[in-house]
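Work through the exercises below with the model open in your viewer. Try each task before reading its solution.

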Amino acid sequence: MKKLDNCRYSQISENPTAGGDKEEVLVIGHCLLNPIVRVKGVKPAQPVDTRGANVIQLPCPEAMFFGMRRREITKDQLDHPAYRRFCREIFTHIADLLEDLSARGVNIKIVGVPKSPSCGVEITSVGGEPGKIKEFHHRHEPGPGVFMEEIMKELKKRNVKFEIEDAGK
């Protein structure tokens with residue numbers, strides 16, 4: 001096995017609630033911890049400080065569905081049954097875990113990626129002309145992305161209480 005000379009490990013606090021009475025888990029959009037999966041040329045999202053926190057990293061549905069060589073896309077283009085079904089499938093096991101944690105009294109806090117067509121919570125990108133185009137035009141509108149919509153539906157269906165917001169709030 002090759003020795004990793006450039007790796008550093010940090011000690012995680014034994015008190016993950018940082019002084020609070022109730023345990024909490026952060027459920028974080030994938031690229032907030034791993035910006036390399038973002039579409040090439042897109043600015044990194046506001047990083048989230050997870051030191052001392054219990055963290056569950058969501059999978060990146062766009063990278064998994066379209067691959068790393070994908071182009072910029074909007075919610076309108078993602079809003080079809082196959083992609084929604086895929087989002088539900090990749091979230092199912094995480095939903096099982098969150099349901100169990102919630103039953104134990106753990107606070108669930110979901111942190112989305114602002115302006116993402118999949119992982120945006122309060123603002124997402126829409127538009128995008130179909131067909132071959134020279135320049136990609138889109139706009140940002142209030143509302144969640146496709147993956148976050150499916151996450152919220154699934155957790156509500158299971159009666160799991162959660163907080164949700166975009167990173168940077």
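**Exercise 1. Contacts of an aromatic residue**

Task: In this predicted model, find which residues Phe-91 touches, leaving out those up to four places away in sequence.

Solution:
- Start with the leucines: Phe-91 touches Leu-58, Leu-98 and Leu-155.
- Then add Phe-147, Ile-151 and Glu-154, which Phe-91 also touches.

**Exercise 2. The nonpolar core**

Task: State how many residues the largest nonpolar core has, and which have the most contacts inside it.

Solution:
- Count the members: the largest nonpolar core has 38 residues.
- Rank by contacts inside this core: Phe-91 and Leu-98 have the most.
- Next, look at where the members come from. Strand 1, helix 1 (30-33), helix 4 (81-103), strand 3 and helix 5 (146-157) each give at least two residues to this core.
- Finally, find the main supplier. Helix 4 provides the largest share, nine residues.

**Exercise 3. Strand pairing**

Task: Determine which strands pair with strand 3, and in what sense.

Solution:
- Take strand 1 (residues 24-28). With strand 3 (residues 107-112), strand 1 forms a parallel pair over five bridges.
- Check one position: Leu-26 lies opposite Lys-109 of strand 3.
- Now take strand 6 (residues 163-166). Strand 6 and strand 3 are also parallel, over four bridges.
- Check a position here too: Val-111 has Glu-165 of strand 6 as its bridge partner.

**Exercise 4. The largest pocket**

Task: Describe the largest pocket by its volume and its lining.

Solution:
- Begin with the volume, which is about 610 Å³.
- Turn to the lining. There are 29 lining residues, and Arg-38, Val-42, Pro-114, Lys-115 and Ser-116 are the closest to the pocket centre.
- Sort the lining by type: 14 residues are nonpolar, nine are polar and six are charged.
- Trace the elements. Helix 1, helix 2 (61-66) and strand 5 (138-142) each supply at least two lining residues.

**Exercise 5. One arginine**

Task: Is Arg-139 buried, partly exposed or exposed? Which residues does Arg-139 touch, not counting those up to four places away in sequence?

Solution:
- Locate the residue: Arg-139 belongs to strand 5.
- Apply the cut-offs: buried is under 20% relative accessible area and exposed is over 50%. Arg-139 has 47% relative accessibility, so Arg-139 is partly exposed.
- List the contacts: Arg-139 touches Thr-124, Ser-125, Val-126 and Gly-127.
- Compare sequence and space for one of these. Gly-127 is twelve residues from Arg-139 in sequence, and their C-alpha atoms are 6.4 Å apart.

Technical notes. Residues numbered from 1 in each chain as written. Predicted model: local features only at pLDDT ≥ 70, side-chain atom pairs only at ≥ 80, totals over all residues. Heavy atoms only, no water. Pairing = 2+ DSSP bridges. Core = buried A, V, L, I, M, F, W, Y, C linked by side-chain atoms within 4.5 Å. Buried < 20%, exposed > 50% of the residue type's maximum accessible area, 1.4 Å probe, protein only. Contact = heavy atoms within 4.5 Å. 1 Å grid on protein atoms, 1.4 Å probe; cavity = no way out; pocket = protein on both sides within 12 Å on 5 of 7 lines; lining within 4 Å. Points joined across faces, edges and corners; volume = space filled by probe spheres on them. Nonpolar A, V, L, I, M, F, W, Y, C, P; charged D, E, K, R; others polar.
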